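Me: Please take a close look at a single part of this model. I would like one histidine and the helix that carries it described in detail, and then set against the rest of the fold.

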Amino acid sequence: MSSPRRAHALVAVAATLLSVSLAGCVRIETPEPPVRTASPGTVERDELAASLDDVSTALAAGTDGGRLARVEVRSLPSLVAGVGQRYVTYPGVTPSPSSSASVAAEAASLEDTVRSALDTAVEIATSTEDEDLRTWATSASLVHGLALWLGEVQAGTAETGVAERVLPSSGASDSLAVPQSSALDQDALADLALRHDQARYLYELVATRQSGEARAASLARAALHAARSDALQALSGAEDDRTEVYSTLASSIADDDSRAATLRSAESALASAYAGYATSTEGDDIVWLLDAAFDAYASESLLDGWRLADLPVLPGLAEQ
């Protein structure tokens, strides 16, 4: 039998060991993992990716095989590849519905879904500080805007007369206009002024071979190009390299088909120039450049002989 003194010692040792053990447990407890917070650029990229998901969902749910759907189908793979996948806070966890309401997209029409995606793309293009994301959002804006436009033309609900048109987003300008000031350099503005003046000349030249409504339409479009050329030239402050006459092959205006092809080429080149400047700039300039690119693409699509294949898969960007 143990002595009382030894029993007290054993109790003390046991208490000490228990205290150390408990203290050790406290020290080795694993702290809660920190909450991972996405950067503003990641959030914006996720919003753009989610809007593309919504369009894809609407396409899969619908039976519309018209131009609106065809434009989106041919461009979506490249846009998704460029924008990337949606951000997931913890890998393996299914992401929650997007801010653009992916669940609601199943019930929305394709047109409404694309219109919402257009607004998202324009908002991101004009506000993000991520240069790469801005480029993709700008090109996506033109894809969605032109898809809507071509769908309306096919449905017979678009105004197809001679007019200046702006991107059909909720924040679009009321009319196509050259701004009072621009961050674009002098050479870029002068280049656009020259392109418009060359288009003006071609429309006037084509009008000499036409009559009636066709002639009036060509002269009206020529006047729009002339006015825009003058405004851009004044804004640039550069030396005026425009002339009254430009070199043109006789074969380019020999018949109706060649004349239409010549005008399509002029509008396409102008649209591509605007789209290129839009995807490589930032701030307020993006809005008016997008509007001008859209106007030229839309005008080109109304000319005889135009095909959907003439529309770039990624306006403003190299084909991928």
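Reply: Leaving aside residues up to four places away in sequence, His144 touches Leu52, Val55, Glu72, Val114, Ala117, Leu118 and Ala121. The model is a predicted one. His144 lies in helix α6, residues 131-155. The relative accessible area of His144 is 0%, so the residue counts as buried, the cut-off being under 20%. Among the residues touched by His144 is Glu72, and here the side chains of His144 and Glu72 make a polar contact at 2.9 Å.

The helix around His144 comes next. Of the 25 residues of α6, 19 are buried, so the helix is largely enclosed by the rest of the structure. As for its length, 25 residues at 1.5 Å a residue should span 36 Å, and the end C-alpha atoms of α6 are 36 Å apart, which agrees. The N-terminal end of α6 is capped by Asp130, which has a side-chain oxygen 3.0 Å from the backbone nitrogen of Asp132. After α6 comes Gly156, with a positive phi near 80°.

α6 also bears on the nonpolar packing. The largest nonpolar core has 63 residues, and those with the most contacts inside it are Leu142, Leu232, Tyr274, Trp288, Tyr297 and Leu311. At least two residues of this core come from each of α2 (40-61), α3 (67-83), α5 (110-127), α6, α7, α9 and α10. The helix that gives the most to this core is α6, with eleven residues. Leu142, one of the residues with the most contacts inside the core, touches Leu167, Ala275, Leu290, Ala293, Phe294, Tyr297 and Pro315, again not counting residues up to four places away in sequence. A second core, separate from this one, has twelve residues, including Leu202, Leu205, Ala222 and Tyr246.

Tyr246 leads to the aromatic pairs, of which the structure holds three. One of them joins Tyr201 and Tyr246 edge-to-face, with 5.9 Å centre to centre and 65° between the planes. This pair links distant parts of the chain, as Tyr201 is in helix α7 (residues 186-207) and Tyr246 is in the loop between α8 and α9, 45 residues apart. Both rings belong to buried residues: Tyr201 has a relative accessible area of 13%, and Tyr246 one of 14%. Another edge-to-face pair is formed by Tyr274 and Trp288, at 6.3 Å centre to centre and 80° between the planes. Tyr274 lies in helix α9 and Trp288 in helix α10 (residues 285-301), so this pair ties together parts that are 14 residues apart in sequence. Tyr274 and Trp288 are buried, and the two are listed among the residues with the most contacts inside the largest core.

Helix α9 itself, residues 256-279, has 24 residues and reaches 34 Å from first to last C-alpha, close to the 34 Å expected at 1.5 Å a residue. At its start, a side-chain oxygen of Asp255 comes to within 3.2 Å of the backbone nitrogen of Asp257.

Helix α7 also holds Asp197. Asp197 is buried, with a relative accessible area of 7%. Beyond residues up to four places away in sequence, Asp197 touches Ser229, Arg242, Thr243 and Tyr246. Tyr246 is thus a contact of Asp197 and the aromatic partner of Tyr201. Asp197 and Arg228 are 31 residues apart in sequence, with C-alpha atoms 8.5 Å apart in space.

Ser236 is found in helix α8, residues 212-236. Ser236 is buried at a relative accessible area of 8%, and touches Gln186, Leu189 and Ala190, not counting residues up to four places away in sequence.

For the fold as a whole, the protein has ten helices and zero strands. Buried residues make up 42% of the 320 residues. Of the contacts with a separation of 6 or more, 79% are between residues 24 or more positions apart. The protein exposes about 16700 Å², and carbon and sulfur atoms supply 53% of that area.

To return to the part you asked about: His144 is buried at 0% relative accessible area, its side chain makes a polar contact with that of Glu72, and the helix that carries it has 19 of 25 residues buried.

Terms used:
Residues are numbered from 1 along each chain as its sequence is written. This is a predicted model: local features need pLDDT of at least 70, side-chain atom pairs count only at pLDDT 80 or more; totals for chains, interfaces and linings use all residues. Side-chain values use heavy atoms; hydrogens and water are left out. Helices (H or I, at least four residues) and strands (E, at least two) are DSSP runs, numbered from the N terminus. Buried means under 20% relative accessible area, exposed over 50%, partly exposed in between (1.4 Å probe, protein chains only). Contact means heavy atoms within 4.5 Å. Accessible areas come from the Shrake-Rupley method with a 1.4 Å probe; for residues, only the protein chains shown count as cover. The expected span of a helix is 1.5 Å times one less than its number of residues. A polar contact is a pair of N or O atoms within 3.5 Å; within protein, one must be able to donate a hydrogen and the other to accept it, and residues adjacent in sequence count only if both atoms are side-chain atoms. Rings of Phe, Tyr and Trp (its six-membered ring) pair if their centres lie within 6.5 Å; planes under 30 degrees apart count as stacked, over 60 as edge-to-face and the rest as tilted. A nonpolar core is a set of buried Ala, Val, Leu, Ile, Met, Phe, Trp, Tyr and Cys residues joined through side-chain atoms within 4.5 Å.
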